[in-house]
Amino acid sequence: MLETLTVQDSVELAVVERSGFVESRHAGAAVVLSPDGDIVALHGNADALILPRSSLKPLQAIACVTAGAVLEGEQLALSTASHVGTDRHASVVRDILTEGGLTEDDLGCPASWPSDSSTRDELVREHGEPTRVRMNCSGKHAAMLRACVATGWPTDGYLDPAHPLQQHIRDVVERLTGEKIAHTAIDGCGAPVHATTLTGLARAIHRIGTASDRSPFALHRVAGSLVRAVRENPWTIEGPGRPDTIATEKLGVFTKHGAEGVMVMVSPNGTTVALKMLDGATRASTIVAATLLARAGGLTDADVAALGEALPLTVLGGGADVGAIRPGAGI
């Protein structure tokens with residue numbers, strides 16, 4: 001059976017400190033690329049396979065557009081998002097579907113309550129129920145359906161790994177990572193997710209994050225448009241007060257977290273990081289990624305400090321600040 005990196009392959013990426021006592025440690029691996037795409041830092045085994053989970057969404061979104069889905073601005077940004085299901089998010093997803101002659105019933109992702117607490121509370125007060133459009137991956141699924149409509153592929157079974165759309169996505173993933181797919185699993189939303197090395201994922205995100213929307217090459221042009229759409233609409237990528245949105249707003253980075261502790265981030269100058277927390281925790285991934293970018297010259301220490309103040313990194317004791325989540329000794 002294939003597997004991800006081991007404990008022995010990992011280094012300490014982050015710690016949780018409470019009242020001067022290190023209470024928890026997050027181990028994992030990370031790789032940093034220069035603006036030119038060269039490896040400038042390795043922490044742990046970055047050649048071990050991982051499942052990128054939602055950090056694969058930029059690659060999937062690019063594949064959907066190159067397959068024919070016509071998406072721009074907020075709609076394009078939502079195609080790569082793990083959104084929190086606010087009314088604004090749901091409205092854009094519905095527009096993507098409607099403009100393709102589709103409905104929410106065509107979505108193959110499971111129904112879900114919004115993860116945004118205020119939106120969820122309002123729906124409960126209104127006697128609402130979980131819906132597919134509120135699921136955090138609904139933008140990706142809507143883009144997949146639009147690609148099928150544009151190309152003439154059947155919308156039924158669009159999540160089957162053997163479906164023409166998923167085969168196209170597979171090809172794009174291999175082109176961008178520079179690796180043959182070693183294994184395909186099923187993500188939480190029902191879509192195929194392809195195993196890659198952390199280094200391969202970093203190379204793909206670097207190519208996306210440094211692409212120009214004026215490139216003569218379609219794949220690069222779509223990638224550049226995707227990054228610009230997210231940077232111009234940071235609320236789309238996750239939601240108000242959430243780490244991906246905060247980092248995009250404050251630092252101008254292109255960032256995408258994935259379940260089970262995966263994170264990718266590209267600074268404005270093209271410095272790129274990809275990391276995996278071995279225990280699957282996400283609470284430290286954004287600050288660790290930003291710290292690694294700063295150490296490679298992609299951000300400033302002031303950038304990281306400002307980000308840290310905006311993220312929920314404080315450890316509380318009796319309602320008071322008694323510690324913090326911070327980068328660990330392994331980096």
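A residue counts as buried when its relative accessible area is under 20%. In this predicted model, His 206 has a relative accessibility of 8%, and therefore counts as buried.

The surroundings of His 206 can be followed outward from its own helix. The residue belongs to helix α7, which spans residues 198-209. Setting aside residues up to four places away in sequence, His 206 touches Leu 33, Ser 34, Pro 35, Asp 36 and Gly 37, together with Gly 270 and Thr 272. With Ser 34 there is also a polar contact: the side chain of His 206 reaches the backbone oxygen of Ser 34 at 3.3 Å.

From this site the view may be widened to the protein chain as a whole. Its secondary structure consists of twelve helices and twelve strands. The chain has a radius of gyration of 19 Å, close to the 20 Å that the globule rule gives for 331 residues, so it is as compact as a globular protein of that length. Along the principal axes, the C-alpha atoms fill a box of roughly 60 × 50 × 40 Å.

Burial and contacts describe the interior of the chain. Of the 331 residues, 54% count as buried. Among contacts with a separation of 6 or more, 62% are between residues 24 or more positions apart.

The surface and the charges complete the description. The protein chain exposes about 13400 Å², and carbon and sulfur atoms supply 49% of this area. There are 28 positive and 38 negative side chains, and the centres of the two sets lie 2 Å apart.

Key: Residues are numbered from 1 along each chain as its sequence is written. This is a predicted model: local features need pLDDT of at least 70, side-chain atom pairs count only at pLDDT 80 or more; totals for chains, interfaces and linings use all residues. Side-chain values use heavy atoms; hydrogens and water are left out. Helices (H or I, at least four residues) and strands (E, at least two) are DSSP runs, numbered from the N terminus. Buried means under 20% relative accessible area, exposed over 50%, partly exposed in between (1.4 Å probe, protein chains only). A polar contact is a pair of N or O atoms within 3.5 Å; within protein, one must be able to donate a hydrogen and the other to accept it, and residues adjacent in sequence count only if both atoms are side-chain atoms. Contact means heavy atoms within 4.5 Å. The radius of gyration is taken over C-alpha atoms; the globule rule is 2.2 Å times the number of residues to the power 0.38. Accessible areas come from the Shrake-Rupley method with a 1.4 Å probe; for residues, only the protein chains shown count as cover. Lys and Arg count as positive and Asp and Glu as negative; His and the chain ends are not counted. The place of a charge is taken as NZ of Lys, CZ of Arg, CG of Asp or CD of Glu.
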